[in-house]
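Hi everyone, thanks for coming. Let me put the structure up on the screen, and then we can walk through its strands together.

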Amino acid sequence: MSGDDLIFSDQDSYCVYNDSNNTVSILGIQVAQTGYAYGVNFAKNMLFFKYEITNHGSQDLQDFYFNLYVDCDIGNVSGGIPEYGDDRLDFDRDKNLVYFFDDGISTEWPDGKTGFFGAMFLK
């Protein structure tokens with residue numbers, strides 16, 4: 001340890017997972033995931049995640065792809081009335097952003113308004 005701060009944002013999260021429970025074929029892939037949340041105005045509604053993928057298997061992997069799976073139910077409140085029937089998604093090619101939204105109305109949210117959820121890859 002160098003004594004440097006290990007916390008970079010207002011709220012960091014960290015986890016490590018692998019494919020050891022894969023029922024088809026264990027490749028030896030490990031993912032270290034770090035999340036960052038900031039309280040400053042320009043980023044207060046954003047979460048950033050960094051993924052470090054390591055091959056601990058015995059084979060070199062050719063044509064390896066990484067993907068995120070996201071299933072957002074916009075407007076839903078945990079334990080509330082299912083509100084996902086009006087959910088939609090779209091893709092902004094210029095921003096390389098996929099985003100989820102709905103009709104913007106939910107009786108379970110403050111002011112009856114919902115937002116949207118977006119995901120993009122940054123370099």
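**Two open sheets**

Let's begin with one pair of strands: strand E5, residues 97-101, pairs with E6 in the antiparallel sense, over four bridges. If you want a spot to look at, find Phe100, which stands opposite Phe117 in E6. Please keep in mind that this is a predicted model.

Now let's widen the view. Where does this pair belong? E5 and E6 are part of an open sheet of three strands, in the order E4-E5-E6, and the pairing is antiparallel. Which strands are at the edges here? They are strand E4, at 88-92, and strand E6, at 117-120, and each of them pairs on one side only. Neighbouring strands of this sheet are turned against each other by 20° on average, with direction ignored.

Okay, on to the other sheet. Three strands make up this open sheet too, in the order E1-E2-E3, with antiparallel pairing. Strand E1, residues 11-18, and strand E3, residues 47-55, stand at its edges. Why is one side of each left without a neighbour in the sheet? Because each edge strand has a single partner strand. From one strand to the next, the twist in this sheet averages 15°.

Let's zoom in once more. How many bridges join strand E2 to E3? Nine: strand E2 covers residues 29-37, and the two strands run antiparallel. To find the pairing on your screen, start at Gln30 and look across to Thr54, its bridge partner in E3.

Key:
Residues numbered from 1 in each chain as written. Predicted model: local features only at pLDDT ≥ 70, side-chain atom pairs only at ≥ 80, totals over all residues. Heavy atoms only, no water. Pairing = 2+ DSSP bridges. Axes fitted to C-alpha atoms, helices over the stretch in contact; angles between N-to-C directions.
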